[in-house]
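Here is a short set of exercises to work through with the model open beside you. Try each task before reading its solution.

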Amino acid sequence: MRAVTNRDSDRKVALDGFREAVNMAPAELEAWLATEESRSAGQHTGGRESIGHASGRRIVTLLRRPDSELSAGDLAHMRKVTGYVHRHLAQQPKGDITDTTWRHSLMNWGHDPKK
């Protein structure tokens, strides 16, 4: 039996945070990313795909990848997703959020606040 290291602990924290933040299933997120609402939400530079939309595509891949195959870069992106979701949730607008850019942006990052 091998000893648990700080690296193992960091990995577990990243995985747990990601699983808590991302509440959309891979197929559900993929279907969302195919919509116009998804493509138009978020920060676009130079007419390119938004950062959140690109992140959503990577999240789908990460959700389907076995934990044992996750790289350091994958774990770093999981931490980025967790941080984004937590920061964005703290900025929830008043009123009905159903069809808001705020919700659409969060959904691009794999979190549907209506769930």
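Helices (H or I, at least four residues) and strands (E, at least two) are DSSP runs, numbered from the N terminus. This is a predicted model, in which local features need pLDDT of at least 70 and side-chain atom pairs count only at pLDDT 80 or more, while totals for chains, interfaces and linings use all residues. Residues are numbered from 1 along each chain as its sequence is written, and side-chain values use heavy atoms, with hydrogens and water left out.

**Exercise 1. The overall picture**

Work out which secondary structure the protein chain has, and how confident the predictor is.

Step 1. Assigning the elements gives 6 helices and 0 strands, in the order α-α-α-α-α-α along the sequence.

Step 2. Next comes pLDDT, the predictor's confidence in each residue, from 0 to 100. The chain has a mean pLDDT of 92, with 95% of its residues at 70 or more. Among the elements, helix H2 (residues 26-33) has the highest mean, 98, and helix H1 (residues 6-21) the lowest, 90.

**Exercise 2. A salt bridge within a helix**

Find how Arg 39 and Glu 36 are placed relative to each other, and what joins their side chains.

Step 1. A salt bridge is a side-chain nitrogen of Lys or Arg within 4 Å of a carboxyl oxygen of Asp or Glu. The side chains of Arg 39 and Glu 36 form one, at 3.5 Å from N to O.

Step 2. Both belong to helix H3 (residues 36-40), and because they are 3 residues apart, about one helical turn separates them. An α-helix has 3.6 residues a turn, so residues three or four places apart point the same way.

**Exercise 3. Salt bridges and burial**

Decide whether Arg 65, Asp 74, Arg 103 and Asp 112 are buried or partly exposed.

Step 1. Buried means under 20% relative accessible area, exposed over 50%, and partly exposed in between (1.4 Å probe, protein chains only).

Step 2. Arg 65 and Asp 74 are joined by a salt bridge of 2.7 Å, N to O. Arg 65 is at 27%, so it is partly exposed, whereas Asp 74 is buried at 4%. Arg 58, Arg 65 and Asp 74 are linked in a salt-bridge network.

Step 3. Arg 103 pairs with Asp 112, their closest N and O atoms lying 2.9 Å apart. Arg 103 has 12% relative accessible area and is therefore buried; Asp 112, at 7%, is buried too.

**Exercise 4. Helix H5 and the core**

Check the length of H5, then find how many residues it supplies to the largest nonpolar core.

Step 1. The expected span of a helix is 1.5 Å times one less than its number of residues. H5 has 18 residues, so it should span 26 Å, and its end C-alpha atoms are indeed 26 Å apart.

Step 2. A nonpolar core is a set of buried Ala, Val, Leu, Ile, Met, Phe, Trp, Tyr and Cys residues joined through side-chain atoms within 4.5 Å. The largest one holds 23 residues, of which Phe 18, Leu 29, Met 78 and Val 81 touch the most other members. H5 gives this core its largest share, 5 residues.

Step 3. The buried residues of H5 include Asp 74, Met 78, Val 81, Tyr 84 and His 88. Contact means heavy atoms within 4.5 Å. Beyond its neighbours within four places in sequence, Ser 105 contacts Ala 41, Tyr 84 and His 88. Ser 105 sits in helix H6 (residues 101-108) and is buried, at 8% relative accessibility.
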